[in-house]
Amino acid sequence: MHILIIGAGTGGLALAHALKQAGIAVSVYERDTAPNADQGGYRVGISPAGSRALKACVPASNYQLFVATCARPPRCFNMLTEQFSEVLCLELDGEAVDLMDGEKNVIRKTLRQVLLRGLEDDVFFGKRFVSYAQNPDGSVTARFADGTDATGNVLVGADGSGSPVRNQLLPDARLEDTGIVSLGGKLPMTAESKALLTDRMFHGMSLIMAPRGFGGIVHSLEFAQNRANADIARRWPDFAEALDDDSIGWGLWGARQNFPADPSTLNGEDLRRLALELTRDWHPHMRRLIEMTEPAMVQYIGVRTSVPPPPWESCNVTLLGDAIHTMTPGRGAGANTALRDAALLGRLLIEASRGERSLLQAIHDYEAEMLRYSAEAVRESKKQMSAADLIHKPVIGGLQLAAMRGVMRIINAVPPFKRRLLQNMMRVRGAN
Ligand SMILES: Cc1cc2nc3c(=O)[nH]c(=O)nc-3n(C[C@H](O)[C@H](O)[C@H](O)COP(=O)(O)OP(=O)(O)OC[C@H]3O[C@@H](n4cnc5c(N)ncnc54)[C@H](O)[C@@H]3O)c2cc1C
């Protein structure tokens with residue numbers, strides 16, 4: 001069996017490891033021209049379920065390197081007002097704080113380098129997928145923009161939210177603009193920037209609920225201690241290029257109609273100015289974090305989500321990750337769901353290679369299960385980030401914000417409610 005994977009992102013590379021470890025031939029085709037072309041410096045939160053899925057796919061040495069390159073684990077999820085007063089604090093315990101398998105923060109480009117290790121001969125860069133053709137003998141041929149092609153038994157589109165594989169397989173599947181726009185930035189962790197965070201903000205991840213539906217996030221990323229404990233310099237001396245320095249990340253989002261300017265056309269300097277304007281009534285420390293961010297490190301992201309596709313008949317072409325279920329970052333579930341897909345599809349394709357089920361049955365079973373859990377993740381992520389929500393309106397939005405904060409404060413005072421809320425969050429991030 002030979003599996004073709006389009007896209008060397010989180011899900012595609014995890015799947016490639018799972019198949020390779022089982023002795024199945026796998027080739028990954030990536031449009032980036034080089035392994036380090038992905039400069040995505042943003043943080044991705046990997047849940048305990050995401051870690052489990054990753055562990056099920058990759059060799060133990062890759063998993064150890066992954067753990068070593070993550071930031072110190074967060075100890076709590078905080079919800080704050082825009083004045084940094086506490087609404088809710090969910091302390092993590094049990095599995096969530098386990099050093100190997102608990103909640104983790106990793107930088108996207110570092111995760112890619114971790115996942116590329118061991119696949120040096122199986123990943124082909126500079127291969128922009130253009131189209132596929134299903135052949136009479138049951139095989140499938142992928143065609144690339146450089147005029148080359150490749151043939152295998154199965155083609156997996158792991159090519160992200162703009163997926164050309166999806167566009168050909170499911171021409172009616174579509175993405176929807178949520179109307180939410182987002183700005184984000186990152187600054188070095190220094191004594192001065194660290195002093196702007198409360199103790200709980202420093203040790204956890206903080207979501208900010210502000211008026212008019214504006215939201216924010218602040219997270220601190222400390223890598224140095226983890227790396228020293230894992231002895232990364234001695235065990236993986238060639239890995240230095242992929243490593244990030246300690247930093248503080250922030251994000252802001254709101255409905256496009258409430259933004260004074262369209263951020264999609266602005267440069268870093270203007271985006272930073274816009275972020276300061278949006279936070280003019282926020283805690284001065286939030287504004288200082290924004291002021292201290294280099295303009296080149298401020299970015300804009302338009303938030304899209306997928307519309308559940310109409311049912312289709314399974315064949316030798318399938319999809320995983322953002323290619324089939326793009327979701328808003330509202331629940332931190334996109335990468336976790338892509339990893340879950342990779343573990344599930346990998347297991348079923350391995351069973352097919354052993355003759356335990358037919359190839360088509362394996363793909364069908366994967367798609368049925370993947371569509372079930374991803375639909376919930378897409379739906380719940382959209383609930384957090386939709387410009388149609390009343391929270392973005394002037395008067396009624398204020399009432400809704402007050403009610404939400406009131407409910408959160410009640411939950412904060414009742415431990416069983418807090419546990420239930422945390423369980424719900426984790427379910428959407430793969431724990432169901
Ligand atoms: C700012 C931000 C923060 C996020 N935070 C979180 C978080 O905390 N937790 C979480 O779970 N998720 C998070 N996500 C979402 C997460 O990054 C994605 O859901 C995840 O990367 C999806 O993985 P994937 O493998 O499906 O696609 P990707 O990782 O996007 O990989 C797709 C790959 O396909 C390649 N490709 C595209 N087109 C072609 C083509 N034509 N030919 C060949 N290759 C192609 C791309 O170059 C890319 O390498 C965040 C996203 C953003 C933007």
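Trainee: In this predicted model, which residue in β2 is the bridge partner of Ile3?

Mentor: Val26 in β2 is the bridge partner of Ile3.

Trainee: What makes β1 and β2 a strand pair?

Mentor: DSSP has to find at least two bridges between two strands. Five bridges join β1 (residues 2-6) to β2 (residues 25-29), so the pair qualifies. The two strands run parallel.

Trainee: And why is the β1-α1-β2 crossover called right-handed?

Mentor: Point the strands away from you and follow the path from the first strand over the helix to the second: clockwise counts as right-handed. The chain goes from β1 through α1 to β2, and the crossover is right-handed, so that path runs clockwise.

Trainee: How do you know that β2 pairs with β7?

Mentor: Two bridges join β2 to β7 (residues 123-124), and at least two are needed, so this counts as a pair. These strands run parallel as well, and Tyr29 stands opposite Phe124 in β7.

Trainee: How do you know that the chain agrees with a compact globule?

Mentor: For 432 residues, the globule value would be near 22 Å; the chain's radius of gyration is 22 Å, so the two agree. Along the principal axes, the C-alpha atoms fill a box of roughly 65 × 50 × 45 Å.

Trainee: What makes a residue part of the shell around the ligand, and which come nearest?

Mentor: Its C-beta atom has to lie within 6 Å of the ligand. That gives 33 residues, and Gly7, Gly9, Gly11, Gly321 and Gly334 come nearest. Helix α13 supplies the largest share of the shell, four residues.

Terms used. Residues are numbered from 1 along each chain as its sequence is written. This is a predicted model: local features need pLDDT of at least 70, side-chain atom pairs count only at pLDDT 80 or more; totals for chains, interfaces and linings use all residues. The radius of gyration is taken over C-alpha atoms; the globule rule is 2.2 Å times the number of residues to the power 0.38.
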